Amino acid sequence: MPKKVKKENNKRQVRDISLTFTPHEIRTPLTSVLGYLWLLEHKGGKLSLKQEKYLKKALKGGRDLIDLVNRRIKER
Amino acid sequence: MIPVTNKRILIVEDNPLERELYGEVLKSVNLNVDEAADGEEALNKLLWNQYDLVLLDVNLPKITGLDVLREIRNSLETKNLPVVLISNLDESVFLEEGRRLGINDYLIKADQTPDKVISKVKGLLGAKKGKKGK
């Protein structure tokens with residue numbers, strides 16, 4: 001498949017996903033993911049430095065995604 | 001704050017991912033947790049066990065959360081049992097009905113954090129001042 005067509009297809013896919021899911025629908029499972037990360041951070045016992053680093057990055061990514069979704073909700 | 005450890009909470013939620021999350025979060029502050037995956041199981045457990053608080057999802061298979069709430073409020077033994085209704089953002093109509101039926105508090109799934117869940121549950125258990133719901 002030519003690169004340009006592939007790129008267009010990808011764009012269309014992203015558009016389709018954003019039309020299929022509302023921000024609210026995304027936020028509920030995302031709060032579950034953050035909830036389990038909270039459990040790992042607070043109740044998961046002693047983590048290695050590497051595990052702690054990855055956990056912090058996962059939490060940051062999750063919170064950034066929640067902020068993004070919240071912004072989208074406000075725009076609607 | 002009044003100590004609320006060892007109180008017994010019934011979590012009624014059909015989504016296993018969310019049910020387990022609420023359970024683990026509440027266990028992490030030394031609360032005892034029991035679980036039900038639908039309204040029928042919840043009513044059965046309420047009939048045979050004593051709980052200090054119920055976390056109740058509004059959207060349940062078999063018997064809805066609001067019907068479970070009605071049964072709780074209609075029973076002499078559980079009419080004062082604290083109930084926290086769990087709903088989605090787009091279920092404000094159910095929330096209104098829940099308020100009319102006498103929920104003690106509510107959680108919006110998309111807005112909840114473990115700290116919020118703990119704070120609400122502990123707040124209600126503390127407010128009971130040791131009274132038994134059943």
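User: Before I look at helix packing, what does a helix axis mean here, and how do the angles run?
Analyst: An axis is a line fitted to C-alpha atoms, for helices over the stretch in contact, and angles run from 0 to 180 degrees between N-to-C directions. Keep in mind that this is a predicted model.

User: How are two packed helices described?
Analyst: Two numbers do it: the angle between the axes and the distance between them. Take helix 1 and helix 5 of chain B. Their axes lie 10 Å apart, at an angle of about 65 degrees. The crossing of this pair is right-handed.

User: Which residues make that contact between helix 1 and helix 5 of chain B?
Analyst: Helix 1 of chain B brings Tyr22(B), Val25(B) and Leu26(B). Helix 5 of chain B brings Pro114(B), Val117(B), Ile118(B) and Val121(B). Sorted by class, the contact has seven nonpolar residues, no polar and no charged.

User: Where does helix 1 of chain B meet helix 2 of chain A, and at what angle do the axes cross?
Analyst: Read this pair in the same terms. Helix 2 of chain A covers residues 23–43, and helix 1 of chain B covers residues 16–27. Their axes come within 10 Å and cross at roughly 35 degrees. Is the crossing left-handed or right-handed? Helix 2 of chain A passes helix 1 of chain B in a left-handed crossing.

User: Which residues make the contact of those two helices?
Analyst: On helix 2 of chain A, find Thr28(A), Thr31(A), Ser32(A), Gly35(A), Tyr36(A), Trp38(A) and Leu39(A). On helix 1 of chain B, find Leu17(B), Glu18(B), Glu20(B), Leu21(B), Glu24(B) and Val25(B). The classes here are six nonpolar, four polar and three charged residues. Val25(B) also sits in the contact with helix 5 of chain B.

User: How is the size of an interface often given?
Analyst: It is often given as the accessible area lost when the parts come together. Between chain B and chain A, about 1,200 Å² is buried. Carbon and sulfur atoms give 63% of that area. The contact takes 16 residues from chain B and ten from chain A.

User: How many salt bridges and polar contacts link the two chains?
Analyst: The rule finds one salt bridge across the interface. Arg27(A) and Asp111(B) meet in a salt bridge, at 2.6 Å from N to O. Five residue pairs are in polar contact between the chains.

User: Which helices supply the side of chain B that touches chain A?
Analyst: Helix 1 and helix 5 of chain B each supply at least two residues. Helix 1 of chain B gives the largest share, six residues. By class, this side of chain B has seven nonpolar, three polar and six charged residues.

User: What sign does phi have in most residues?
Analyst: Most residues other than glycine have a negative phi. Asn30(B) has a positive phi, near 65 degrees. Asn30(B) lies in the loop between helix 1 and strand 2 of chain B. Lys62(B) has a positive phi too, near 70 degrees.

User: Which residue forms a salt bridge with Lys62(B)?
Analyst: Asp38(B) does, with the closest N and O atoms 3.7 Å apart. Lys62(B) lies in the loop between strand 3 and helix 3 of chain B, and Asp38(B) in the loop between strand 2 and helix 2, so the pair ties together parts 24 residues apart in sequence. Over all chains, the structure holds 16 salt bridges.

Note on methods. Residues are numbered from 1 along each chain as its sequence is written. Chains are lettered from A and ligands numbered from 1 in the order in which they are written. This is a predicted model: local features need pLDDT of at least 70, side-chain atom pairs count only at pLDDT 80 or more; totals for chains, interfaces and linings use all residues. Side-chain values use heavy atoms; hydrogens and water are left out. Helices (H or I, at least four residues) and strands (E, at least two) are DSSP runs, numbered from the N terminus. A crossing is left-handed if the near helix is turned anticlockwise from the far one by less than a right angle, and right-handed if clockwise. Contact means heavy atoms within 4.5 Å. Ala, Val, Leu, Ile, Met, Phe, Trp, Tyr, Cys and Pro count as nonpolar, Asp, Glu, Lys and Arg as charged, and the others, Gly among them, as polar. Buried area is the accessible area (1.4 Å probe) that two parts lose on being put together, summed over both. A salt bridge is a side-chain nitrogen of Lys or Arg within 4 Å of a carboxyl oxygen of Asp or Glu. A polar contact is a pair of N or O atoms within 3.5 Å; within protein, one must be able to donate a hydrogen and the other to accept it, and residues adjacent in sequence count only if both atoms are side-chain atoms.
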